[in-house]
Amino acid sequence: MESKLEFGPARQADIDGICALVASAILHMQEQKIFQWDEKYPTREDFLNDLQENTLSVGTIEGKIAVTFTVNQTCEPEYDDGDWQYPNEEYRIIHRLCVNPEFQGRGVAGRTLRHIEEELRRQKVGAVRLDAFTKNPTAIALYTGNGYEKRGFADWRMGRFYLMEKKL
């Protein structure tokens, strides 16, 4: 039976839990030789900024944070280089989607994407964009398996990332 995953806006009281979740996920990724995040990104300040902008969300299972993510319209200049298929659609960008390692392998990431997409459709948003580390096969499989298409790439401090997009 699938555990109930409840979504809502993050609160100030969630910040320590979000930071602990991300630290755990970084260790888990490093064990898999995925060097995507580190002590320089994402930081507590990133999450506090997201919280202040009301763009930080959490998904909980039985009261424990299972996933965190940010959805907004902010992106790095490298996004301008994407070969976007829906340039005239209003879009949002998913940032820092991170599943607590305790809950990985239980469909949390896919359920989170579906939740985000449903919310954006309700807001009449036409497309969603994100970036995925080219050396993170789990993330790439998640996004391509959920209909996201590669639209280019960006080179950042940790390496190359695919720019991806999905029409809603």
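1. Tyr79, Trp84, Phe133, Trp156 and Phe161 come together as one aromatic cluster, and this is a convenient place to begin reading the model, which is a predicted one. Across the structure there are 7 aromatic pairs. One of these joins Tyr143 and Tyr148, whose ring centres are 5.8 Å apart and whose planes stand at 70°, so that the pair is classed as edge-to-face.

2. Both partners of that tyrosine pair deserve a further look. Tyr143 is buried, with a relative accessible area of 7%, and Tyr148 is likewise buried, with a relative accessible area of 2%. When residues up to four places away in sequence are set aside, Tyr148 touches Ile94, Leu113, Glu117, Val128, Leu130, Tyr143, Met164, Glu165 and Lys166, a list in which the tyrosine partner Tyr143 appears beside residues such as Glu117 and Lys166.

3. The two tyrosines also belong to the largest nonpolar core, which has 25 residues and in which Ile94, Leu97, Val108, Ile116, Tyr143 and Tyr148 have the most contacts. Two or more residues are given to this core by each of S3, S4, helix H3 (108-122), strand S5 (127-133) and helix H4 (137-145), and the largest share, 5 residues, comes from H3. Apart from this core lies another, of 19 residues, which includes Cys19, Met29, Val58 and Cys98.

4. Helix H3, the contributor of that largest share, has 15 residues and reaches 21 Å from its first C-alpha to its last, close to the 21 Å expected at 1.5 Å a residue. Its buried residues are Val108, Ala109, Gly110, Arg111, Thr112, Leu113, Ile116, Glu117 and Leu120, so a reader checking the side chains should note that Arg111, Thr112 and Glu117 are buried, each with under 20% relative accessible area. After the helix comes Lys124, whose phi is positive, near 65°.

5. Helix H1 (residues 15-31) has 17 residues and spans 24 Å between its first and last C-alpha atoms, close to the 24 Å expected at 1.5 Å a residue. Ile15, Ile18, Cys19, Leu21, Val22, Ala25, Ile26 and Met29 are its buried residues, and because they cover an arc of only 160° around the axis, they sit on the same side of H1. The face turned away from this buried side carries the exposed residues Asp16, Leu27 and Glu31, one of which, Leu27, is a leucine. As for the packing, the buried residues of H1 lie against helix H2 (44-52), strand S2 (56-61), strand S3 (64-72) and strand S4 (91-99).

6. Asp14 is placed in the loop between strand S1 (6-9) and H1, and it is buried, with a relative accessible area of 9%. Leaving aside neighbours within four places in sequence, Asp14 is in contact with Pro9, Val58 and Ile65; of these, Val58 is also a member of the core of 19 residues. Asp14 and Ser57 are 43 residues apart in sequence, while their C-alpha atoms are 9.6 Å apart in space.

7. On the cysteines, a search of the whole structure finds 0 disulfides. Cys19 is in no disulfide, and the nearest cysteine sulfur, which belongs to Cys98, is 11 Å away, although Cys19 and Cys98 are both among the residues of the core of 19. Cys75, at 30% relative accessibility, counts as partly exposed.

8. The backbone has several places that a colleague may wish to inspect. Most residues other than glycine have a negative phi, and most peptide bonds are trans. Lys33, which is not a glycine, has a positive phi of about 65°; it lies in the loop between H1 and H2 and is exposed, with a relative accessible area of 63%. Asn54, also not a glycine, has a positive phi of about 60°; it is found in the loop between H2 and S2 and is exposed, with a relative accessible area of 70%. The peptide bond from Tyr41 to Pro42 is cis, with omega near -5°, and Pro42 belongs to the loop between H1 and H2, which is also the loop that holds Lys33.

Key: Residues are numbered from 1 along each chain as its sequence is written. This is a predicted model: local features need pLDDT of at least 70, side-chain atom pairs count only at pLDDT 80 or more; totals for chains, interfaces and linings use all residues. Side-chain values use heavy atoms; hydrogens and water are left out. Helices (H or I, at least four residues) and strands (E, at least two) are DSSP runs, numbered from the N terminus. The expected span of a helix is 1.5 Å times one less than its number of residues. Buried means under 20% relative accessible area, exposed over 50%, partly exposed in between (1.4 Å probe, protein chains only). The arc is that of the directions from the helix axis to the C-beta atoms. Contact means heavy atoms within 4.5 Å. A nonpolar core is a set of buried Ala, Val, Leu, Ile, Met, Phe, Trp, Tyr and Cys residues joined through side-chain atoms within 4.5 Å. A disulfide is a pair of cysteine sulfur atoms within 2.5 Å. Rings of Phe, Tyr and Trp (its six-membered ring) pair if their centres lie within 6.5 Å; planes under 30 degrees apart count as stacked, over 60 as edge-to-face and the rest as tilted.
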